[in-house]
Each structure stands twice: as structure tokens, then as C-alpha cells.
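Grab a pencil and work through these short exercises on helix packing and salt bridges. Each task comes with a solution you can follow step by step.

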Amino acid sequence: MSVKTKRIPRVLSIQSHVVHGFVGNKCATFILQLYGFEVDVINSVHYSNHTGYKVVKGSRLSVDELRAIFQGLIANEIFEYDYILTGYMGSGELLAVIAEYVRLIKSKSPHVKYLCDPVIGDNGKLYVDQSCIEMYKSVILPLADIVTPNDFELEQLVGTQVKSDPDRYEEQVLWQSIQSLHKMGPTHIIVSSISAAKLGGKEDMLQMYASAKSSDGQYQTFRIDFPYIRGCFTGTGDLFSALILAWFHKEKNLISACEKSISVLHQVLLKTIELCDSINIHNTCGNELKLIESKTAIEAAETLFHAIIIDANIVQ
């Protein structure tokens, strides 16, 4: 009697790559493979290290190179995926090509889910030019199923200030912004972390806000409170989006996927703090994630933090 083998889910991950450290694809590939995914990787940049170091060497992917890679996959009939994951792109032209091929993948396989981490900037600073923001708003978001912006990126995408003043957020405006993002296309939205103090909470806590919109227009809205770990880290957003994809696949539920992802991320940061050098003279952005040393915690995925359900009427 033949034994039916379980099909391995395949992910197409398009984002940055570094030789040293864990950001972009270097981070996401490890996480996804550890959780049992097969990962095909396209690198939007190929750098020696991330840009927090005093010297960065490497190259950027051109539009022609990206198109040629896609055409090679198609020609060899190896262009079927279960998930698409995108992160840092750097130009609107690359995003336009990605949109073209995301449409093609989805037309051939309607079950495909696209998770877009719209890497635009953070802490009031843009990482990309305006063409990227416009391309996200008009072309990419209508194709995305899940998006994972930070608070600054949310503001850039919806054109609304979440803050009522430089040090204060309005929860009602935050939910309205999330609803505006839903109207652009994505059914699942996760705003990764906001200081709880800016929403009237404790100084030593962060909050993640998320919303899932059903086919009949109903919202499931919630937040997760978790401790703020002092320190500067690189790659946390890339780690978070990869974790969300993995656990959304496993759990089939946004709440439990977020609970698992935040909990694992927290444990990785604790391990990084535990093992980091007291002074990093090479990297002005802080500590490289200790992913390999966190392997046991990543695999165990103990749930440390639980969602607080929010009345969905607040977004109306």
C-alpha cells in the first residue's frame, strides 16, 4: 500500500539579502525552512551587511534582472506557489514588475496568499522614494491578502496622521486608518508595534493592533500587549512577517498566528540581549538577531502573550 506524503508548502520570498547578519531573506528563509516550508528566494538587493554599518557594498536588483528571473521560472514550469512574501524593494519600478507576476501566480492558483510587508520607513524617516508609496497604494495593496506595516508606514499608506500630537496616538483614528487600509484590498492587517504609553498605557509595554475582515464585511479586531525590550535591533520586521506567514498557515487564524509570532519574536530578542556584546563598535543600529541560538525557542513557539478582543464597532 502506497503512503501518501504530505505536500510541502512553497513560498516565493522577494526582499533584501545580506551576507552578514539576519535581515530580509537571510532572516525569513531560516524561519520558514525551520517551520517546514520550501522557500524560493529573489533578492532585491545583495549587500555585504545591512546599512547600519559604516561601509555597505553590493548590488541592487534591476527591473530587467527581476523580469528575467521570473521568465526563467515560468519557462521551466516551476512557478507555482502557496504563498508570496515581499519586503524591502527600493523602487516603484520593481514593485510594478512584482505586481505583474503576483497577478499571474494568483490567476493560475487562486488559493495563493500574498503577505506584503510594505517597507517604507520608521520613526518618521522614509527608506524609499515616493514612487514606492504610490505603487503600494495603487497596485500592490489591492493584490495583498495580509499586510504588516508599522505605525509610520500605516500613516504613509492611508495619508492620515494616527497621532494627535508628536507623543500621542488616538486609538479611534488608528482603527479608522486600519479600516481605510482594508478598503484598499487586504483582508488581514497587522500593525506590528506601538508604544503603549502613546495610547495611554504603560511606559514599559508595546501593543500590536490587528484586524481581519470577512467576506461579508465583518471585522475581527484585537490587540496584543507585550513587554518593551530596551535595545536596538535589526531585522525584527522581517522576522515578524516570516513568523506571521508561517503561523497563519499552521493555525488558519489571525489571532493565534499573532500570539505565536509576537511570543517567538520576544524570545528571540531576549536571547539576542543575553548573548550580545556590551558595545558593538561596527554596527550603529545595534544588535544582530541571534536566530541560530534561538532555534529551540522558535521551534517550541510557546505562547506567552494573548489577544485582547476589541469591539469591532470601534472601527465603524
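A residue counts as buried under 20% relative accessible area, exposed over 50%, and partly exposed in between. Keep in mind that this is a predicted model.

**Exercise 1.** Work out whether Glu-274 and Lys-271 are buried, partly exposed or exposed.

*Solution.* Start with the pairing: the two side chains form a salt bridge, 3.6 Å from N to O. Next, place them: both sit in helix α8 (residues 254–275), three residues apart, or about one turn of the helix. Now apply the cut-offs. Lys-271 has a relative accessible area of 26%, so Lys-271 is partly exposed. Glu-274 comes in at 55%, so Glu-274 is exposed.

**Exercise 2.** Decide how helices α2 and α3 are oriented to each other, then find a salt bridge between them.

*Solution.* Take the geometry to begin with: α2 (residues 63–75) and α3 (residues 92–108) pack at about 15°, with axes 9 Å apart. Angles under 35 degrees count as roughly parallel, so α2 and α3 are roughly parallel. Their crossing is right-handed. The contact includes Arg-67 of α2 and Glu-100 of α3. These two form a salt bridge, with the closest N and O atoms 3.0 Å apart, and the partners are 33 residues apart in the chain.

**Exercise 3.** Which parts of the chain does the Arg-10 and Asp-40 pair tie together?

*Solution.* Check the bridge: the closest N and O atoms of Arg-10 and Asp-40 are 2.5 Å apart. Then locate the ends: Arg-10 is in strand β1 (residues 10–18) and Asp-40 in strand β2 (residues 38–47), so the pair ties together parts 30 residues apart in sequence. Finally, Arg-10 has a relative accessible area of 16%, so Arg-10 is buried.

Methods:
Residues numbered from 1 in each chain as written. Predicted model: local features only at pLDDT ≥ 70, side-chain atom pairs only at ≥ 80, totals over all residues. Heavy atoms only, no water. Axes fitted to C-alpha atoms, helices over the stretch in contact; angles between N-to-C directions. Helix = DSSP H or I, 4+ residues; strand = E, 2+ residues; numbered from the N terminus. Parallel < 35°, antiparallel > 145°, perpendicular 65-115°, else oblique. Left-handed = near helix turned anticlockwise from the far one by under 90°. Contact = heavy atoms within 4.5 Å. Salt bridge = Lys/Arg side-chain N within 4 Å of Asp/Glu carboxyl O. Buried < 20%, exposed > 50% of the residue type's maximum accessible area, 1.4 Å probe, protein only.
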